[in-house]
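Student: I would like a close look at one part of this model, namely its salt bridges, and then at the strands and helices around them. Please take it slowly and keep the account connected.

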Amino acid sequence: MRNVKPSSSGVEEAELEAAEAPRLGARIRELRQEQGLTLEALAERSGVSRAMISKVERGTNNPTLVVAVRIAQGLGVGLSELMSRPRPKQARVLLPPEQQPTFRDAESGAVRQLLVPPFETRDVEFVRFTLPARASTGELPGKGVAVGKYLAVEKGTLRIDFPDGSVTVGSQDAFYFEADVPHAFVNVGRGECVFYFAMARGQR
């Protein structure tokens, strides 16, 4: 039996989001210090200003999805590693919604939920994305190498923008692409868009 109750009001959800900023900031500081990086060095690696990283680490600024991804890349990890600390692998793990590492972008309204346990042996990444109507993630940086992403849209219509053009993926459609170049997810529908993507973590 779980003791954590699901959010039943906007107030509870706002409190949850407010609590996530310090936790994310502490995790970024932990990873940066483990690697012996100064704020200046991480700023140079990530392309995010020293002032912004400092605010994020102190928990006074909740970064956008794009900023968080750039910081993660500067640290040489994926976004999921920023959201959760790895744990030993178990034979069976139940992840109710409140235990799924979740990133909420207050600017775009995008919600990114990691649907696999954050094991130390990170084999596969499986993510659920929710985008409000007409919202965009902003341009996410490419990974520099050919990382294959398998995507499927559950609800709505998603456009994926690449430097050389765009692809529209409708409800129940599936799409594969290599995320080695910058790309953005855009909800071009009038309602919420829900989609999933999976990739092998070892490809990073």
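Tutor: What follows goes through the salt bridges, then the sheets, and then a helix pair and a loop residue.

The model is a predicted one, and a search of the whole structure finds 8 salt bridges. In general terms, side chains of opposite charge can pair when their charged atoms come close. Three of these pairs are described here in turn, each with its place in the chain and its accessibility.

The side chains of arginine 27 and glutamate 30 meet in a salt bridge with an N to O distance of 2.8 Å. Both residues belong to helix H1, which covers residues 10-34, and they are placed 3 residues apart, or about one turn of the helix. Arginine 27 has a relative accessible area of 9% and is therefore buried, since buried means under 20%. Glutamate 30, by contrast, has a relative accessible area of 24% and is partly exposed. 

Helix H1 also supplies a partner to a second pair, in which glutamate 57 forms a salt bridge with arginine 29 and the closest N and O atoms are 3.7 Å apart. This pair links distant parts of the chain, with glutamate 57 in helix H3 (residues 50-58) and arginine 29 in helix H1, 28 residues apart. Here the glutamate is the buried partner, because glutamate 57 has a relative accessibility of 5%, whereas arginine 29, at 27% relative accessibility, counts as partly exposed.

The third pair joins glutamate 192 to lysine 155 in a salt bridge whose closest N and O atoms are 3.3 Å apart. This pair, too, links distant parts of the chain: glutamate 192 lies in the loop between strand S8 (184-187) and strand S9 (193-200), while lysine 155 lies in strand S4 (residues 148-155), and the two are 37 residues apart. Glutamate 192 is partly exposed at 41% relative accessibility, and lysine 155 is partly exposed with a relative accessible area of 41%. Returning to the arginine 27 pair, salt bridges that share partners join Arg27, Glu30 and Arg85 into one network.

The strands named with the third pair lead on to the sheets. Strands S9 and S4 belong to an open sheet of 6 strands, with the order S1-S2-S3-S9-S4-S7 and antiparallel pairing. Its edge strands are strand S1 (102-104) and strand S7 (174-178), each of which pairs on one side only, and the twist from one strand to the next averages 20°. At the S1 edge, S1 and strand S2 (residues 111-114) pair in the antiparallel sense over 3 bridges, and phenylalanine 103 stands opposite arginine 112 in S2.

Strand S8 belongs to another open sheet, in which 3 strands follow the order S6-S5-S8 with antiparallel pairing. The edges of this sheet are strand S6 (165-169) and S8, each pairing on one side only, and its neighbouring strands are turned by 25° against each other on average, direction ignored. Strand S5 (residues 158-162) and S8 pair in the antiparallel sense over 4 bridges. Leucine 158 has asparagine 187 as its bridge partner in S8, and arginine 159 has valine 186 as its bridge partner in S8. In a regular strand the side chains alternate between the two faces of the sheet. In S8 both faces are covered, with Ala184 and Val186 on one side and Phe185 and Asn187 on the other, all of them buried.

Two packed helices are described by the angle between their axes and the distance between the axes. Helix H2 (residues 39-46) and helix H4 (residues 65-74) pack at an angle of about 110°, with their axes 8 Å apart, which makes H2 roughly perpendicular to H4. Leu42, Arg45 and Ser46 of H2 make the contact with Arg70, Ile71 and Gly74 of H4, and the residues of this contact divide into 2 nonpolar, 2 polar and 2 charged.

Finally, glutamine 100 lies in the loop between helix H5 (79-83) and S1. Glutamine 100 has a relative accessible area of 14% and is therefore buried. Leaving aside its neighbours within four places in sequence, glutamine 100 is in contact with Leu95, Gln113, Leu114 and Leu115.

Conventions: Residues numbered from 1 in each chain as written. Predicted model: local features only at pLDDT ≥ 70, side-chain atom pairs only at ≥ 80, totals over all residues. Heavy atoms only, no water. Salt bridge = Lys/Arg side-chain N within 4 Å of Asp/Glu carboxyl O. Buried < 20%, exposed > 50% of the residue type's maximum accessible area, 1.4 Å probe, protein only. Pairing = 2+ DSSP bridges. Axes fitted to C-alpha atoms, helices over the stretch in contact; angles between N-to-C directions. Parallel < 35°, antiparallel > 145°, perpendicular 65-115°, else oblique. Contact = heavy atoms within 4.5 Å. Nonpolar A, V, L, I, M, F, W, Y, C, P; charged D, E, K, R; others polar.
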